[in-house]
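Me: I would like to go through this structure slowly and ask, for each term, what justifies using it. Could you begin with the terms for how covered a residue is?

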Amino acid sequence: MTGKDGVGKSVDTCCLPLMETPVIDFSLLASPSPCRQELDKLYSSLSSCGFFLSINHGMTSPFLDEVQSLGKQFFALPVEEKWKCGTIGGGEGYREDDTVVAEGQAKIYRNYRLTLTLSPEDQQQLQIWPQIPLNFRETLFEYTKKLEMITEVVFKAMAMSLNLDEHCFLDKYGDKATLRARYNYYPPSSSNDLAIGLAPHTDPSAITILLQDKHVEGLHFLKDDQWFRVPIIPQALLINLGDQLQIMSNGLFKAPIHRVVKHRDMERISLAVSCLPDSENEIEPVDGLVMETRPRQYKKVKNYFATFMQFDREKNLMEALKINT
């Protein structure tokens with residue numbers, strides 16, 4: 001299988017190297033006195049590759065299988081049933097086939113997605129949530145509560161890894177932060193469409209929590225101008241940094257460029273949850289990371305996600321926010 005690496009060169013995705021992926025024991029971060037060794041490992045992973053795999057996060061294998069199964073059952077529904085959850089304002093709901101312009105030509109990155117706001121409750125658009133499978137809402141509500149706890153622990157641990165007050169990132173994240181879920185379905189590739197299921201990008205979130213397909217690879221990260229395959233550890237959560245945490249960390253933590261490549265023969269389903277700061281909060285580098293030896297790297301920005309969605313995709317919002325020092 002071949003695809004584009006995002007910078008104009010063809011690559012054989014089957015031959016890409018496997019990335020040495022940091023594995024963080026979440027239980028050691030969540031303890032009343034987080035393990036310093038695990039905090040140092042967290043700092044190292046976020047400052048180098050921008051993501052890690054989290055194990056021992058408190059969710060059982062059967063429960064995560066059930067969460068994954070919701071997406072599989074939904075995408076297996078007849079087309080007319082899926083379109084009952086059709087896209088509404090803000091990009092929520094079901095949609096098919098993103099078409100983008102790359103290298104002067106329109107290209108289709110074939111994927112299907114279901115996007116839903118999980119929290120806060122007053123932002124949920126329940127009228128477009130699937131009625132089938134019957135346990136969809138109940139299971140996803142339970143998953144949301146668990147992710148809210150995980151998010152709080154990760155934000156505190158990131159601050160402590162930098163020897164900052166544990167609440168400094170949480171304060172900017174805010175009490176009215178948004179969790180936005182996106183089930184992704186990538187059909188097998190064929191000679192009639194591209195192998196790329198999702199074009200190279202960074203996430204406009206603070207962090208993104210990904211439940212990977214435990215059977216089919218497809219996620220690639222770019223490091224040192226080289227694409228790497230991401231390994232699968234069944235039931236581990238992949239947590240990657242988004243643009244907004246890169247800003248908060250004054251560039252010490254890096255939001256990684258990543259893409260999805262489809263399998264030749266097998267479908268792939270994943271669930272990505274974007275953790276988006278309160279849109280009323282100004283996102284900027286935290287005070288403890290701005291100093292004479294490392295001046296402020298980014299301007300203040302409010303409602304980064306909305307700005308990102310409206311920004312010219314041919315340009316780079318993070319570059320536009322960078323302060324030339």
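Reply: A residue is called buried under 20% relative accessible area, exposed over 50%, and partly exposed in between, using a 1.4 Å probe and protein chains only. The model is predicted, so local features need pLDDT of at least 70 and side-chain atom pairs count only at pLDDT 80 or more, whereas totals for chains, interfaces and linings use all residues. Residues are numbered from 1 along each chain as its sequence is written, and side-chain values use heavy atoms, with hydrogens and water left out.

Me: Why is glutamate 217 called partly exposed?

Reply: Glutamate 217 has a relative accessible area of 29%, and the in-between class lies from 20% to 50%, so glutamate 217 is partly exposed.

Me: What makes the contact between arginine 229 and glutamate 217 a salt bridge?

Reply: The term asks for a side-chain nitrogen of Lys or Arg within 4 Å of a carboxyl oxygen of Asp or Glu. The side chains of arginine 229 and glutamate 217 meet at 2.9 Å, N to O, and therefore the pair satisfies that limit. The pair links distant parts of the chain, with arginine 229 in strand E11 and glutamate 217 in the loop between strand E9 (207–211) and E10, 12 residues apart. (A strand is a DSSP run of E with at least two residues, a helix a run of H or I with at least four, and both are numbered from the N terminus.)

Me: How do you know that lysine 41 and glutamate 38 are about one helical turn apart?

Reply: They are three residues apart in helix H2, which means a separation of about one helical turn. Their side chains form a salt bridge at 3.4 Å, N to O. Lysine 41 is partly exposed, with a relative accessible area of 33%, whereas glutamate 38, at 5%, is buried.

Me: What span should helix H2 have, and what does the model show?

Reply: The expected span is 1.5 Å times one less than the number of residues. For the 13 residues of H2 (residues 36–48) this gives 18 Å, and the end C-alpha atoms are 18 Å apart, which agrees.

Me: Which residues of H2 are buried, and what puts them on the same side?

Reply: The buried residues of H2 are Glu38, Leu39, Leu42, Ser45 and Leu46. They cover an arc of only 125 degrees around the axis, which puts them on the same side of H2; the arc is that of the directions from the helix axis to the C-beta atoms.

Me: Why is glutamine 244 called buried?

Reply: Glutamine 244, which lies in helix H7 (residues 243–248), has 3% relative accessibility and therefore counts as buried. Among the residues that glutamine 244 touches are Pro204, Leu276 and Phe305, where contact means heavy atoms within 4.5 Å.

Me: What makes strands E10 and E13 a pair?

Reply: Two strands pair if DSSP finds at least two bridges between them. Strand E10 (residues 219–223) and strand E13 (residues 258–261) have three bridges and run in the antiparallel sense, so they meet this requirement.

Me: Why are strands E8 and E11 said to stand at the edges?

Reply: The open sheet has the order E8-E13-E10-E11, with antiparallel pairing. Strand E8 (196–201) and strand E11 (226–229) each have a single partner strand, so one side of each is left without a neighbour in the sheet.

Key
Lists of a residue's contacts leave out its neighbours within four places in sequence.
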